[in-house]
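The following exercises concern the structure shown below. Each task is followed by a solution in steps.

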Amino acid sequence: MRILFGGGIAGALAAMIYPAIKFLIPPEEPEAEPDILKVGRKEDFPAGTSKIFKFGRTPVILIHSKASGLLALSATCTHLDCLVQYRDDMGAIWCACHNGKYDLSGKNISGPPPRPLTPFAVKVIRDEIFIAKV
Ligand code: FES
């Protein structure tokens, strides 16, 4: 009886502790980052619009600016990691969390962001848009 009771407690403890340990230890293989990502057709992105994509684990914002054409930058604010957004009315990239602002090259121009956004390459091949690491 004592063996059965002790084994049951040990089993219950193992069932609670094992998932917690698995959650806390990161996987050995990091998530694969793609070299290039197809994001859609050129006609899907009219001038003045933007869209955020996942490039592996990195959010990337693709912007079709009326003045600068297609450009892609990391969409994670360099201040406290909020997602940024393209503001066509401001002609800038804006972070709503603390009113941070970046120009269309990704340079931080006002507010608390300490560094520029990371640029990504944009290629258009037969009207298909691709994003790649620089
Ligand atoms: S997180 Fe973007 S300005 Fe603070």
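**Exercise 1.** In this predicted model, locate Glu128 and determine whether Glu128 is buried or exposed.

*Solution.* Begin with the secondary structure: Glu128 lies in strand β10. Next, consider the surroundings of the side chain: 12 other C-beta atoms lie within 10 Å. A residue is exposed if that number is 12 or fewer. Glu128 is therefore exposed.

**Exercise 2.** Identify the residues that Glu128 touches, leaving aside those up to four places away in sequence, and state how strand β10 pairs with β1.

*Solution.* Glu128 touches Lys38 and Arg41. Strand β10 covers residues 128-133 and runs antiparallel to β1, with 5 bridges joining the two. Within this pairing, Lys38 has Phe130 in β10 as its bridge partner.

**Exercise 3.** Which strand order does the open sheet have, and which strands form its edges?

*Solution.* The sheet has 6 strands in the order β1-β10-β9-β4-β3-β2, with antiparallel pairing. The edges are β1 (36-41) and β2 (49-55), each of which pairs on one side only. From one strand to the next, the twist averages 25 degrees.

**Exercise 4.** Describe the two hairpins in which β3 takes part.

*Solution.* Take β2 and β3 to start with: they pair in the antiparallel sense over 7 bridges, and Phe55 has Thr58 in β3 as its bridge partner. This hairpin has 2 residues between the strands, and Gly56 takes a positive phi near 65 degrees. Turn then to β3 and β4: they are antiparallel over 6 bridges, and Val60 stands opposite Ser74 in β4. Here the hairpin has 3 residues between the strands.

Technical notes: Residues are numbered from 1 along each chain as its sequence is written. This is a predicted model: local features need pLDDT of at least 70, side-chain atom pairs count only at pLDDT 80 or more; totals for chains, interfaces and linings use all residues. Two strands pair if DSSP finds at least two bridges between them. Helices (H or I, at least four residues) and strands (E, at least two) are DSSP runs, numbered from the N terminus. Axes are lines fitted to C-alpha atoms, for helices over the stretch in contact, and angles run from 0 to 180 degrees between N-to-C directions. A residue is buried if 20 or more other C-beta atoms lie within 10 Å of its own, exposed if 12 or fewer, and partly exposed in between; C-beta atoms are placed from the backbone. Two residues are in contact if their C-beta atoms, placed from the backbone, lie within 7 Å.
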